[in-house]
Amino acid sequence: MSQIIYNPAEIDFDKPGKSLYEVAFHYDGEWGYAMVPLAVINGTAGPLKKNIVAFGGTHGNEYEGQVAVWKLMHELDPNEISGRVILLPRLNQPACVAGRRDSPKDNGNMNRAFPGNPHGSITFRIADFVNTRIFPLVDVVLDIHAAGRGVKFAICTSFHLIKDPTQYAEIKTVASLFDTLFVMIYSQEMARGLLTDQAEALGKVTIGGEFGHSGGVHPIGVRHAYRGIKNVLKHYGVLPGEIERVDPARPHPPRLVSAIHLDEYIPAPITGYFEPLYPVGVETQKGQLLGYLYDFEEIDRAPIPITASVDGYLLMQPFQAPIRKGETAIVIGQPVKD
Ligand SMILES: [Zn+2]
């Protein structure tokens with residue numbers, strides 16, 4: 001039922017029903033291909049309501065998105081869908097195979113490679129495929145991440161501070177459909193070239209998010225990703241049915257927080273080992289002691305206190321103990337009034 005594609009121009013994105021492809025991108029320095037899985041579902045239930053794409057595996061060692069999007073790729077029934085759903089569960093396929101954040105083929109970080117380059121190395125060519133073949137077809141872009149290896153995020157959806165008020169309002173609404181504890185507005189000052197940067201610049205309703213950590217498959221993260229994507233489909237009428245709470249036990253809706261200034265990202269002052277004092281998600285006050293850094297190489301060096309730079313919520317801290325000087329140790333999110 002699936003088809004290998006060597007020339008992306010051959011993909012018929014309008015074909016009714018569900019089509020599974022493996023899009024082959026030739027390696028740069030050896031013989032062989034990255035086979036990027038792609039599902040195109042053109043619903044037959046009713047008129048086209050919306051065009052939506054969801055990505056997993058933008059970073060290869062983040063698995064909740066790979067699991068959730070793969071599951072949807074097999075479960076979604078075109079007979080129930082009124083719209084077009086495009087799913088890429090393992091976008092940076094060589095990185096996914098290797099279980100690494102970046103591609104082992106060109107050390108490419110897919111989430112810094114946008115808008116891509118048709119003549120670049122393999123990660124940039126895959127990004128160019130997304131930018132030129134997928135993004136023009138869709139209205140909504142969902143990119144499911146999981147914090148990477150060393151750090152733990154409070155489960156959240158995220159987006160950049162968008163200037164256009166209509167786009168901002170719709171993104172905020174869609175981000176809350178994942179029913180995570182936090183919806184985070186994050187800094188554009190840290191890095192460029194993100195998949196979401198490009199989608200936002202093109203005016204898409206664009207959602208990122210962190211749904212797990214440390215190379216695991218966390219059931220709560222998968223639940224928010226999987227049901228969240230389905231809620232987005234329902235929100236636009238692409239799937240029938242009512243939007244469902246993902247975490248009905250929590251009495252309040254997702255908290256909107258922002259970390260748009262670099263002083264909300266606290267670096268480790270020395271290379272050492274981090275002792276957290278709280279789980280992620282707790283409310284914090286400026287100056288509050290959050291943990292200690294230990295330099296076990298220097299016997300006369302006392303543990304170094306790490307404190308909150310602003311009032312807010314502890315959104316991220318190290319999960320693995322070792323941390324190097326300058327790496328981000330803490331992210332604080334400040335509450336945003338609706
Ligand atoms: Zn990631």
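The largest nonpolar core of this predicted model holds 96 residues, and Leu142 and Leu315 touch the most other members. Helix H3 gives this core its largest share, seven residues. Both domain 1 (2-258) and domain 2 (263-333) contribute residues, so the core lies between them. As a general backdrop, nonpolar side chains in soluble globular proteins tend to be buried together.

Leu315 is a good place to start looking. Leaving aside neighbours within four places in sequence, Leu315 is in contact with Phe153, Ala154, Cys156, Phe182, Met184, Val257, Ala259, Val280, Val331, Ile332 and Gly333.

**Where the two domains meet**

The protein chain is divided into domain 1 (2-258) and domain 2 (263-333), and the centres of the two, taken over C-alpha atoms, are 30 Å apart. Domain 1 brings 15 residues to the contact and domain 2 brings eleven. On the domain 1 side, strand E7 (151-153), strand E9 (182-186) and strand E11 (255-259) each supply at least two residues. What is the make-up of the side of domain 1 that touches domain 2, in nonpolar, polar and charged residues? That side divides into eight nonpolar, four polar and three charged residues.

**Three helices**

Here are the spans of three helices, set beside the values expected at 1.5 Å a residue.

| Helix | Residues in helix | Span, first to last C-alpha | Expected span |
|---|---|---|---|
| H3 (122-134) | 13 residues | 17 Å | 18 Å |
| H4 (165-176) | twelve residues | 17 Å | 16 Å |
| H6 (219-235) | 17 residues | 24 Å | 24 Å |

H3 is mostly covered, with eleven of its 13 residues buried. Those buried residues are Ile122, Thr123, Phe124, Arg125, Ile126, Ala127, Asp128, Phe129, Val130, Asn131 and Ile134. The list includes the charged residues Arg125 and Asp128. Which elements cover the buried residues of H3? Strands E2 (17-26), E3 (33-42), E4 (51-55) and E5 (84-88) are included, along with helices H2 (93-98) and H5 (195-201).

In H4, the buried residues are Ile171, Lys172, Val174, Ala175 and Ser176. They pack against strand E6 (140-143), strand E8 (156-160), E9, strand E10 (205-210) and helix H6 (219-235). H6 is itself mostly covered, with 13 of its 17 residues buried. Just after H6 comes Gly237, which takes a positive phi of about 75°.

**Strand E10 and its partners**

E10 is one of the elements that the buried residues of H4 pack against, and six of its six residues are buried. In a regular strand the side chains alternate between the two faces of the sheet. Both faces of E10 are covered: Val205, Ile207 and Gly209 are buried on one side, and Thr206, Gly208 and Glu210 on the other.

How many bridges pair E10 with E6, and in what sense do they run? The two strands pair over three bridges in the parallel sense, and Thr206 in E10 is the bridge partner of Val141. With E8, strand E10 pairs in the antiparallel sense over three bridges, and here Cys156 stands opposite Glu210. Cys156 also appears among the contacts of Leu315.

**A four-stranded sheet**

An open sheet of four strands follows the order E16-E15-E13-E18, with antiparallel pairing. Strand E16 (304-307) and strand E18 (322-323) stand at the edges with a single partner strand each, so one side of each is left without a neighbour in the sheet. E16 runs antiparallel to strand E15 (residues 289-294), and four bridges join the two. In this pairing, Leu289 stands opposite Thr307 in E16.

**Backbone details worth a look**

The loop between H2 and H3 has two points of interest. Pro115 is found in this loop, and the peptide bond from Phe114 to Pro115 is cis, with omega near 10°. Asn107 lies in the loop between H2 and H3 as well, and has a positive phi of about 55° although it is not a glycine. Is Asn107 buried or exposed? Asn107 has 11 other C-beta atoms within 10 Å, and therefore counts as exposed, the cut-off being 12 or fewer.

Ser214, in the loop between E10 and H6, is another residue other than glycine with a positive phi, near 65°. Ser214 has 17 C-beta neighbours inside 10 Å, so it counts as partly exposed.

Conventions
Residues are numbered from 1 along each chain as its sequence is written. This is a predicted model: local features need pLDDT of at least 70, side-chain atom pairs count only at pLDDT 80 or more; totals for chains, interfaces and linings use all residues. The expected span of a helix is 1.5 Å times one less than its number of residues. A residue is buried if 20 or more other C-beta atoms lie within 10 Å of its own, exposed if 12 or fewer, and partly exposed in between; C-beta atoms are placed from the backbone. Two residues are in contact if their C-beta atoms, placed from the backbone, lie within 7 Å. Two strands pair if DSSP finds at least two bridges between them. Domain bounds come from an automatic or database domain assignment. A nonpolar core is a set of buried Ala, Val, Leu, Ile, Met, Phe, Trp, Tyr and Cys residues joined through C-beta atoms within 7 Å.
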